[in-house]
Structure formats: structure tokens, C-alpha cells
Protein chains: 2
Amino acid sequence: MATLQKSIDKRNALIKATIELVNNNGFHATPMSKIAKMANVSPATIYLYFENKQDLVNKTYIDVKAQYTNYAFETYSSDMSVERGFEVIWKRIADFKLNASENAMFLAQCDNTPIIDEPILQEGIKHLQPLLDLWERGKKEGLIKNMSNYLLYAYAINPLSFLMMAQKRGAFQLDASQLEDAYQLAWSSIKNN
Amino acid sequence: MATLQKSIDKRNALIKATIELVNNNGFHATPMSKIAKMANVSPATIYLYFENKQDLVNKTYIDVKAQYTNYAFETYSSDMSVERGFEVIWKRIADFKLNASENAMFLAQCDNTPIIDEPILQEGIKHLQPLLDLWERGKKEGLIKNMSNYLLYAYAINPLSFLMMAQKRGAFQLDASQLEDAYQLAWSSIKNN
DNA sequence: ACAACAAAAATGAATGTTCATTCTTTTTTT
DNA sequence: AAAAAAAGAATGAACATTCATTTTTGTTGT
């Protein structure tokens with residue numbers, strides 16, 4: 001028990017260090033030795049928890065992606081109306097991307113580079129299913145435009161990634177009223193009228 | 001003349017190889033030796049054209065970004081109406097992202113990772129000025145929502161990057177009618193009504 | 001038009017470093 | 001005291017960059 005606890009702490013520290021170093025320096029400039037140092041661990045110890053560097057970064061991705069989708073759907077339930085359900089999910093996603101931005105940034109990096117093995121990437125997509133189901137329901141009810149889910153995602157959700165990155169770079173700051181603007185843009189882009 | 005021509009060819013071959021290898025393998029897994037081989041050149045020759053690896057990738061970014069913005073604004077002129085001007089620019093950008101997708105993918109990777117030096121990244125942004133100017137004009141005329149340009153960009157332009165990546169992954173195919181849908185989503189998200 | 005040569009461009013092989021991973025030993029836990 | 005976990009040092013491969021030569025190009029004098 002105590003021993004397992006300790007192990008999980010160490011694993012988490014390694015994952016946290018990986019995220020931080022990859023965010024700041026890029027995958028190409030984060031050696032195992034630095035990850036170990038930041039996690040207060042010997043390099044050799046990493047190999048007790050992960051097979052190799054690729055496995056470490058894959059597992060980190062899985063971990064962060066799971067946090068993301070858990071957070072996104074935590075307050076949603078499938079008996080909500082389509083409009084209300086979308087609002088709930090959208091705002092949770094916005095919250096995650098803008099506040100847990102270390103995590104969100106790591107995901108953005110993984111989703112735009114070939115550092116994660118393809119099967120792992122596929123795995124991560126599946127967790128978005130509740131949102132896709134909601135959209136299908138919305139289309140049947142005639143509330144949501146009858147378009148490919150990729151298009152809906154591109155316009156309703158993905159802009160948040162761009163805004164998160166811009167904010168991270170310090171280019172601008174998204175305040176509460178702008179966030180409300182953004183939500184209106186998102187909803188009005190996918191809703192039927 | 002003939003000699004300069006030859007040099008430019010070699011430089012272009014190096015840049016092309018860099019794009020292709022970074023796209024497929026990531027920056028961390030594209031050694032100078034592979035770039036050289038793909039460009040049919042000795043590794044040492046790269047250093048006649050570029051200071052070092054960082055300089056090579058920076059210059060590649062500048063090069064591709066210039067191609068992108070040149071293409072985007074080629075058919076636009078500032079005496080067009082706001083709506084027409086936006087349509088012209090949007091469609092050129094869509095065309096570039098979906099057809100010159102090797103180039104677009106490289107930019108997406110650079111924009112979401114710390115592989116490019118920050119000052120170089122800043123430089124690249126400036127070229128979008130004509131679009132920002134158009135938006136300012138549109139706001140004054142009351143045609144475009146009075147929101148931060150970052151928000152407008154996030155909803156009107158950035159979704160194309162996501163769609164390009166999805167298409168690159170083979171996840172789905174954007175046909176002509178969907179592209180028209182996408183344009184409608186983009187315009188309706190930023191226009192006043 | 002062309003030989004001879006200087007300058008520039010290009011090369012393949014070396015250099016030295018960095019890094020992922022493994023090995024052996026030590027420390028901690030049971 | 002045995003087993004498990006962790007550590008630091010060692011290993012060997014990969015890599016960016018440089019070096020010493022060779023090849024190509026351009027120029028000059030005939």
C-alpha cells in the first residue's frame with residue numbers, strides 16, 4: 001500500500017516532468033537525464049516505470065488525454081437538452097484548455113507532430129464519443145447543422161486550442177466576456193437557424 | 001548566373017528535404033545526415049548554406065511562411081469589398097492548406113512546438129497584416145463583429161488547419177461541397193447580423 | 001579558342017559530445 | 001535475510017559539426 005503509493009507518486013512526477021520539459025524545450029531537446037533530474041529520480045529508475053522513452057511519452061499522452069476527457073464530460077449527462085449539453089461540455093473544455101494549459105499545450109504538441117505512435121493517438125480520439133453522440137442527436141432533432149462531425153469539431157471546439165496557444169505565448173488574454181463571445185461564436189457556427 | 005542558379009536549387013532541395021523529413025519523422029528524428037542524403041548532398045555541404053541545424057529549420061520556416069502568405073494574398077486587392085475580400089483570401093488559404101498540405105503541415109508543426117526560435121515566429125505573423133487590416137475595415141463598416149482579431153482568426157481561419165491535419169491523417173476527405181459549407185461556417189461566425 | 005591556375009564549392013571521413021539504455025552495487029522494504 | 005526498488009557509473013550508438021582533400025567553376029593570358 002505505502003509502497004504502491006510511493007510508486008504512483010514517482011510515476012506522476014515523471015509524467016509531470018515530461019510534460020513540462022517537452023512543452024518548454026520540445027521533444028528533441030528533452031533527454032531522459034533531464035526528466036529524471038526534474039522528477040528527483042535516477043535515470044535508471046525511469047526504466048522501472050516505462051519501457052523506454054517512446055513508451056514514456058506515449059503513456060504521458062494517454063494520461064493527459066484521459067484527464068482532458070474526464071474533465072470535459074464530468075458535469076455532462078446525456079439527458080440534458082442538446083443546447084444545454086453542448087454548453088456544458090464546451091465550457092468545461094474551455095476551462096481545461098485555458099486553465100490546465102500545461103496539459104492542453106502538451107496535447108496540442110502531440111496532435112500536431114509525429115511524436116506519439118499512431119495507434120495511441122487513435123485510442124485518444126475515442127474518448128470524445130459523448131460529444132459526437134450529442135451532435136448526432138442534435139442533427140436528428142434538427143437543431144444542429146447536418147454536417148460532418150469533423151467540420152463541427154473544427155469550428156466549435158478546435159478554435160479553443162488556437163486561443164490557448166495564443167494566450168500561452170502571451171499574445172493576448174482571453175477575459176470572461178471574450179470567453180462568452182467565443183462560446184457564442186462556437187454555438188452559432190454549428191446550430192441550425 | 002548559372003552558378004547562382006545551381007546554388008538556389010541546392011538550397012531549395014535542402015529545404016524541401018527538411019520539410020518532408022520533419023513532417024514524417026518529427027524534428028527529433030531527422031538528422032542532418034538524412035536531410036543531406038535526401039537532398040543528394042554531402043552533410044558538410046549543408047553548412048555552406050546554413051549556419052547549423054537550428055538555422056536550417058528557422059530558414060525553412062521563413063521560406064514556407066512566405067510562400068503561404070504570398071499565396072494567400074495573391075488574388076486579393078484592398079479595393080475589394082470586405083465580404084468579397086474575405087472570401088478571396090479565405091479560399092486561397094483553404095486552397096493552400098488543403099493542396100500544398102506538405103507545407104501547411106510543416107507550419108502547423110512549427111506553430112505548435114518550440115522548434116522555431118521565438119523572434120522568427122513573430123516575424124512570420126506580420127505577413128498576415130492585410131487580413132487584419134481588412135477586418136478592421138469590416139468592423140468600422142459594421143459588417144464584421146467587433147471582436148479581437150485573435151478571436152476572429154480562431155474561428156474564421158484556424159479551423160482549416162484542423163481540417164488539413166484530419167485530411168492528412170486520412171480520417172476524412174473534404175470535398176467541394178463541404179469546403180463550401182466550411183466557408184459558410186467561417187463567414188457566418190465573424191459577420192455581423 | 002584554350003591552357004593554366006586561382007577561387008569557390010563540395011565532399012567523405014574524422015571528432016567530440018550527447019544521449020538512451022544497461023549493468024553492478026547500494027539502499028529500502030518486507 | 002531475502003526481495004524489490006533505486007541509484008550512479010558505464011557502454012555504445014547516433015549525431016552535429018569540422019577538417020583536410022578533391023572537384024568544379026571562372027578568369028586570365030596567349
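Helices here are DSSP runs of at least four residues, numbered from the N terminus. With that in hand, we can take a walk through this predicted model.

## The overall picture

Let us start with chain A. Chain A has 11 helices and zero strands, so its pattern along the sequence is written simply as α-α-α-α-α-α-α-α-α-α-α. Its C-alpha atoms fill a box of roughly 60 × 40 × 30 Å along the principal axes. Of the 193 residues in chain A, 50% count as buried. Contacts also reach across the sequence: among those in chain A between residues at least 6 apart, 69% join residues at least 24 apart.

## An unusual loop residue

Where is Asn40(A) placed? Asn40(A) is in the loop between α2 (32–38) and α3 (43–49) of chain A. Here is some background for what comes next. Most residues other than glycine have a negative phi. Asn40(A), however, has a positive phi near 55°. Chain B has its own Asn40, and the table sets the two side by side.

| Residue | Loop | Phi | Relative accessible area |
|---|---|---|---|
| Asn40(A) | between α2 (32–38) and α3 (43–49) of chain A | near 55° | 69%, exposed |
| Asn40(B) | between α2 (32–38) and α3 (43–49) of chain B | near 55° | 71%, exposed |

Why does Asn40(A) count as exposed? Its relative accessible area is 69%, and exposed means over 50%.

## How the two chains are related

A rotation of 180°, with 0.0 Å of shift along its axis, superposes chain A on chain B with an RMSD of 0.0 Å. The two copies are therefore related as by a two-fold rotation axis. The same surface serves both copies, as 100% of the contact residues of chain A recur in chain B.

Which residue of chain A comes closest to the rotation axis? That is His28(A), with its C-alpha at 2.1 Å.

His28(A) turns up again in the lining of the largest cavity. Rolling a probe the size of a water molecule over the atoms shows where empty space is left. In this model the count comes to one cavity of 30 Å³ or more, and about 90 Å³ of space lies in the largest cavity. Chain A lends Gly26(A), Phe27(A), His28(A), Gln109(A), Thr113(A) and Ile115(A) to the lining, while chain B lends Gly26(B), Phe27(B), His28(B), Gln109(B), Thr113(B) and Ile115(B). By class, the lining has four nonpolar, eight polar and no charged residues.

## Where α9 and α10 come together

Over all chains there are 16 aromatic pairs. One of them is formed by Tyr153(A) and Phe162(B): their rings are 5.1 Å apart, centre to centre, with 35° between the planes, which makes the pair tilted. Tyr153(A) lies in helix α9 (residues 149–156) of chain A and Phe162(B) in helix α10 (residues 159–168) of chain B, so the pair joins two chains. Tyr153(A) is buried, with a relative accessible area of 13%.

Asn158(B) sits in the loop between α9 (149–156) and α10 of chain B, and is buried at 11% relative accessible area. Leaving aside neighbours within four places in sequence, which residues does Asn158(B) contact? They are Asn158(A), Phe162(A) and Tyr153(B).

Helix α10 (residues 159–168) of chain A is mostly covered, with eight of its 10 residues buried. Among them are Pro159(A), Leu160(A) and Met164(A). The buried residues of α10(A) pack against α5 (82–99), α6 (101–111) and α9 of chain A, and also against α6 (101–111), α9 and α10 of chain B. Just after α10(A), Gly170(A) takes a positive phi of about 80°.

## Two more stops in chain A

Gly138(A) is in helix α8 (residues 129–140) of chain A. Is Gly138(A) buried or exposed? At 0% relative accessibility, Gly138(A) counts as buried. Not counting residues up to four places away in sequence, Gly138(A) touches Val82(A), Leu143(A) and Ile144(A). From Gly138(A) to His127(A) is 11 residues in sequence and 19 Å in space, C-alpha to C-alpha.

The last stop is an aromatic cluster, formed by Phe86(A), Trp90(A), Tyr183(A) and Trp187(A).

Definitions and conventions: Residues are numbered from 1 along each chain as its sequence is written. Chains are lettered from A and ligands numbered from 1 in the order in which they are written. This is a predicted model: local features need pLDDT of at least 70, side-chain atom pairs count only at pLDDT 80 or more; totals for chains, interfaces and linings use all residues. Side-chain values use heavy atoms; hydrogens and water are left out. On a 1 Å grid over the protein atoms alone, a cavity is a set of points where a 1.4 Å probe fits but cannot get out, and a pocket is an open set with protein on both sides within 12 Å along at least five of seven lines; lining residues have an atom within 4 Å of a point. Grid points are joined across faces, edges and corners, and a volume is the space filled by probe spheres set on the points. Ala, Val, Leu, Ile, Met, Phe, Trp, Tyr, Cys and Pro count as nonpolar, Asp, Glu, Lys and Arg as charged, and the others, Gly among them, as polar. Copies are superposed by least squares on the C-alpha atoms of residues with pLDDT of at least 70 in both. Contact means heavy atoms within 4.5 Å. Rings of Phe, Tyr and Trp (its six-membered ring) pair if their centres lie within 6.5 Å; planes under 30 degrees apart count as stacked, over 60 as edge-to-face and the rest as tilted. Buried means under 20% relative accessible area, exposed over 50%, partly exposed in between (1.4 Å probe, protein chains only).
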